[in-house]
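Good morning, and thank you for coming. Please look at the structure on the screen while I take you through a few of its features.

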Amino acid sequence: MEFIKVTENKEPYVALIELNRPKELNALNRQLMEEVRDALQQLDKNDAVRVIIITGNEQAFAAGADIKQMADKTAIDMLMIDQFSTWDQIRKTKKPIIAAVSGFALGGGCEFAMTCDMIIASETAKFGQPEIKIGTIPGAGGTQRLTKAIGKAKAMELILTGRFLSAEEAHFYGLVNKVVPKEMYLYEALQLAKEIAQLSPVAVQLAKESINRSFETHLDEGLTLERKNFYLTFASEDQKEGMKAFVEKRNPDFKGK
Ligand code: CAA
């Protein structure tokens, strides 16, 4: 594993996955997400694990999908690579997953945290879907999960402007379970994990499946439409300009083409 670190026994029955691309603020390239998927599949089969925590570092949970890896792709490249199909396998994990978030959880990083079952946030956490600023839209569930989590009006505001939500606001809107001082976010996630790990793993798994069913009944259709539209933005000059401008550290000049 190059981009993640897995500790099977962080506490009895609690495993920890740490995203480990610190120089790139844990930007989620394809390999990193494949490593997460493989680790989750292993942990899901491991009887010594009942709850899984996913975390980044103090500065960033993850600053999004890897823009440099995507910038030059065509819509057809994106469609054929279909990188977000990995995420479908992640969300099929049967054991509960807690995201312990400090710093940036943006774009794919916010979507990744929302793909988990619960979120514990440091007071420094910043959530957002800033894809619109680089000429594209969320493609890994943001338009669906954020809307369900915080309501249509606020989701519209965040996704259409790219504004960030502070940890306090994220708590107010019900996106996160709890906000704690920055030294405490992993500790707090571990406390929650330990409490769940003491309970019947069978009942916990069935409860998770049941809650997700209520949440996801129409999710598949929404995710499919969102993903196609995300890939479709790669047919626009604005996506090329937006991502190029990010890489070149300048403001984009969008032409509506
Ligand atoms: N992809 C690739 N590299 C990224 C990245 C990303 N999403 N986010 C940050 N990085 C890299 C930067 O390019 C930089 O690398 P270099 O030192 O080699 O230039 C390094 O991480 C540190 O970043 P900054 O210098 O920009 O740090 P900052 O503190 O000034 O700003 C930030 C932090 C506001 C998070 C800024 O990095 C940023 O805006 N990142 C992009 C956020 C974003 O647009 N995310 C959405 C991506 S698209 C997506 O996720 C699609 C989807 O739905 C799945």
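I begin with helix 5, residues 108–115, which lies across strand 4, strand 6 (104–106) and strand 8. Relative to strand 6, helix 5 runs at about 90 degrees. Please keep in mind that this is a predicted model.

Let us turn to the sheet. It is an open sheet formed by 4 strands in the order 4-6-8-9, with mixed pairing. At its edges are strand 4 (60–62) and strand 9 (164–166), each of which pairs on one side only. From one strand to the next, the twist averages 20 degrees. Strand 8, residues 126–128, and strand 9 run antiparallel and are joined by 3 bridges. For one of the residues, Lys-126, the bridge partner in strand 9 is Ser-166.

My next topic is Glu-241, a residue of helix 12. Is Glu-241 buried or exposed? Its relative accessibility is 18%, and buried means under 20%, so Glu-241 counts as buried. Which residues is Glu-241 in contact with, leaving aside its neighbours within four places in sequence? They are Arg-250, Asn-251, Pro-252 and Asp-253. With Arg-250, the side chain of Glu-241 makes a side-chain polar contact of 2.8 Å. The Glu-241 side chain also reaches the backbone nitrogen of Asp-253, at 2.8 Å.

Finally, consider Ala-235, in the loop between helix 11 (219–233) and helix 12 (237–247). Ala-235 is exposed because its relative accessible area is 59%, and exposed means over 50%. Its C-alpha atom is separated by 8.3 Å from that of Ile-76, although the two residues are 159 residues apart along the chain.

Terms used: Residues are numbered from 1 along each chain as its sequence is written. This is a predicted model: local features need pLDDT of at least 70, side-chain atom pairs count only at pLDDT 80 or more; totals for chains, interfaces and linings use all residues. Side-chain values use heavy atoms; hydrogens and water are left out. Helices (H or I, at least four residues) and strands (E, at least two) are DSSP runs, numbered from the N terminus. Buried means under 20% relative accessible area, exposed over 50%, partly exposed in between (1.4 Å probe, protein chains only). Two strands pair if DSSP finds at least two bridges between them. Axes are lines fitted to C-alpha atoms, for helices over the stretch in contact, and angles run from 0 to 180 degrees between N-to-C directions. Contact means heavy atoms within 4.5 Å. A polar contact is a pair of N or O atoms within 3.5 Å; within protein, one must be able to donate a hydrogen and the other to accept it, and residues adjacent in sequence count only if both atoms are side-chain atoms.
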